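Morning, everyone. I'd like to walk through how the helices and strands pack in this one. Have a look at the model first.

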Amino acid sequence: WLAQQATHHRLRTNRLSPPFHSSLLLYSSHLPTQAAENSSSSIAISPITVESRHFSPSHSQPSSKGFPRYQLQPPSCIPSSVKSDFFPSSLCFQMASSVISAAASASPSACPVTDLLKGKAKLGSGNVGSLFIKDKGNPFLNSKSCGRITMAVAVNVSRFEAITMAPPDPILGVSEAFKADNDEKKLNLGVGAYRTEELQPYVLDVVKKAENLMLERGENKEYLPIEGLAAFNKATAELLFGADSPVISEQRVATIQGLSGTGSLRLAAVLIERYFPGAKVLISSPTWGNHKNIFNDARVPWSEYRYYDPKTVGLDFEGMIEDIKAAPEGSFVLLHGCAHNPTGIDPTPEQWEKIADVIQEKNHIPFFDVAYQGFASGSLDQDAASVRLFAARGMEIFVAQSYSKNLGLYSERIGAINVVCSSSDTAARVKSQLKRIARPMYSNPPIHGARIVANVVGDPALFGEWKAEMEMMAGRIKGVRQKLYDSLTSKDKSGKDWSFILKQIGMFSFTGLNKNQVTNQSATLILYHKSMNSQ
């Protein structure tokens with residue numbers, strides 16, 4: 001507390017610059033008289049009073065040891081005959097945090113009087129005699145007891161004082177608020193995580209079987225290579241592009257395992273920053289909340305292209321095309337492969353063709369974020385159609401993948417970054433640089449989730465079960481959309497067209513409600529949602 005008060009005083013008076021050093025003047029009562037010199041009594045260093053007004057730093061006169069000098073003003077209890085000798089005009093002392101702890105914790109037996117008066121006490125040991133010893137004798141030995149002694153103590157304030165409190169994450173902060181609410185009727189509509197009818201996380205049966213298979217095989221936990229598990233990398237690339245795709249057979253895809261979608265996006269962002277200096281990334285408005293964070297931290301400039309049209313609660317396709325055309329040539333265009341987050345609005349197949357045309361014309365590089373393959377429509381192939389369209393045109397593309405949703409492996413952090421190149425030689429060089437980026441970032445990826453994916457995809461029986469479970473989850477989400485639509489149309493007499501709910505796909509939906517309407521719903525129905533105006 002003493003250190004904190006002195007720190008606040010120093011900061012208020014603005015006398016010291018970082019790193020801040022705060023000084024305290026501590027008063028100890030009941031100082032023994034000279035007659036007690038030969039007794040066994042001791043004094044207690046009791047921090048009774050803090051008077052930082054007794055000193056001020058003099059930065060213009062540093063000591064020979066490099067410590068600041070302080071002008072000390074003696075308390076009135078010190079005899080005038082002693083002041084001139086005992087309190088020199090400038091006293092230099094080392095600032096050490098150990099002094100304050102020693103002074104505050106010293107017990108009545110910590111500092112014998114003989115040590116104090118004869119100068120045997122050492123600074124930092126809990127004794128204070130050494131603060132008052134002079135080469136030519138201690139004038140205090142010839143003085144009467146005044147009942148108080150002044151001790152100068154200093155502490156170093158944390159070097160992290162300038163670090164401010166970060167704001168809560170706008171998405172994950174919703175979950176924290178949800179967990180803190182004790183109401184049984186609460187609903188969390190923020191984080192995109194699949195739940196059962198009982199609002200519990202769903203662990204796929206096929207995942208449990210794959211894990212049991214791992215136990216039966218007695219597989220170890222040895223480090224993976226930097227690029228990850230080879231069986232996983234092969235499986236994930238084939239799922240994305242198709243096992244019979246030319247980019248696979250010609251070895252034109254550089255694939256390395258990443259830390260789910262976020263980590264995979266970050267690897268690509270660093271690659272862009274290093275090898276495409278000044279290139280801008282175009283991001284849809286709106287987009288997943290973490291996209292901007294990823295590119296900001298990688299120091300990659302970005303701008304937005306129009307996507308959501310609040311008038312139609314649909315896609316602003318014309319605005320999207322205009323913004324992509326207006327972007328500098330060679331820009332990266334971040335696209336959601338399916339089930340756009342957070343709108344649930346996807347381009348039609350015909351619109352995807354037009355988007356590909358414009359990107360090719362402008363020599364842009366498409367960058368897909370595929371987080372819901374198989375989870376949106378229930379079909380792995382249908383949800384990968386946009387990516388395969390661009391790959392079939394011979395375009396060089398980036399694709400980040402995640403298995404958090406379609407296999408329910410949220411906490412396993414399993415995903416991949418794929419870079420489709422013009423040749424196998426180029427792909428090999430790109431892969432080497434991705435590995436170079438990953439090495440100092442996290443060294444190598446975790447193995448558990450990668451083995452689950454490899455086991456499920458590599459076993460025909462398990463693969464079939466997985467597809468069936470994905471169809472079930474996607475179908476249930478579609479059913480919830482239908483129920484919501486039916487309920488709204490039966491109860492809403494305003495004539496509003498709610499059909500956009502059925503046209504959207506995946507876990508997310510923009511409702512067209514304004515901010516006040518959303519806030520009212522949260523207050524009356526105990527809903528936790530993303531803090532966006534129209535969701």
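H7 and H16 cross with a left-handed sense. This is a predicted model, so keep that in mind throughout. H7 covers residues 230-241 and H16 covers residues 448-458. Their axes lie 9 Å apart, at an angle of about 60°. Roughly perpendicular would start at 65 degrees, so H7 and H16 count as oblique to each other.

What meets what here? From H7 we have Ala231, Phe232, Ala235 and Leu239. They meet Ala450, Val453, Ala454 and Val457 of H16. By class, that contact of H7 with H16 has 8 nonpolar residues, no polar and no charged.

Next pair. Helix H6, residues 205-217, packs with helix H17, residues 460-491. The axes are again 9 Å apart, and the angle is about 155°. That angle is over the 145 cut-off, so H6 is roughly antiparallel to H17. H6 brings Asp205, Val206 and Lys209 to the contact. H17 brings Leu462, Glu465, Trp466 and Glu469. Which classes turn up in the contact of H6 with H17? There are 4 charged residues and 3 nonpolar, with no polar ones.

Now the sheet. It is open, and it has 7 strands with mixed pairing. Reading across, the order is E9-E17-E16-E15-E14-E10-E11. E9, residues 253-259, and E11, residues 302-306, are the edge strands, each pairing on one side only. On average, neighbouring strands in this sheet are turned by 25° against each other, direction ignored.

Start at the E9 edge. E9 and E17 run antiparallel, joined by 7 bridges. Valine 253 stands opposite valine 420 of E17.

Move in to E16. E17, residues 414-420, runs antiparallel to E16, and 6 bridges join the two. Serine 402 stands opposite glycine 415 in E17. What about the partner E15, residues 365-370? E15 and E16 run parallel, with 4 bridges between them. Phenylalanine 368 stands opposite valine 399 in E16.

Stay on E16 for a moment. Is E16, residues 397-402, mostly covered or mostly open? Covered: 6 of its 6 residues are buried. That holds for both faces. Ile397, Val399 and Gln401 are buried on one side. Phe398, Ala400 and Ser402 are buried on the other.

So which helices sit on this sheet? H12 packs on the sheet and touches E14, residues 332-336, as well as E15. The direction of H12 makes about 165° with that of E14. H14 also packs on the sheet, touching E14, E15 and E16. For H14, the angle with the direction of E15 is about 155°.

H12 and H14 also pack with each other. H12 is residues 349-361 and H14 is residues 385-392. Their axes are 10 Å apart, at an angle of about 40°. Roughly parallel needs an angle under 35 degrees, so H12 is oblique to H14. The crossing of H12 and H14 is right-handed. On the H12 side, the contact uses Trp352, Glu353, Ile355, Ala356 and Ile359. On the H14 side, Ser386, Leu389 and Phe390 take part. The contact of H12 with H14 holds 6 nonpolar residues, 1 polar and 1 charged.

To recap the crossings: left-handed for H7 and H16, right-handed for H12 and H14. That's my part. Happy to take questions.

Definitions and conventions
Residues are numbered from 1 along each chain as its sequence is written. This is a predicted model: local features need pLDDT of at least 70, side-chain atom pairs count only at pLDDT 80 or more; totals for chains, interfaces and linings use all residues. Side-chain values use heavy atoms; hydrogens and water are left out. Axes are lines fitted to C-alpha atoms, for helices over the stretch in contact, and angles run from 0 to 180 degrees between N-to-C directions. Angles under 35 degrees count as roughly parallel, over 145 as roughly antiparallel, 65 to 115 as roughly perpendicular and the rest as oblique. Contact means heavy atoms within 4.5 Å. Ala, Val, Leu, Ile, Met, Phe, Trp, Tyr, Cys and Pro count as nonpolar, Asp, Glu, Lys and Arg as charged, and the others, Gly among them, as polar. A crossing is left-handed if the near helix is turned anticlockwise from the far one by less than a right angle, and right-handed if clockwise. Buried means under 20% relative accessible area, exposed over 50%, partly exposed in between (1.4 Å probe, protein chains only). Two strands pair if DSSP finds at least two bridges between them.
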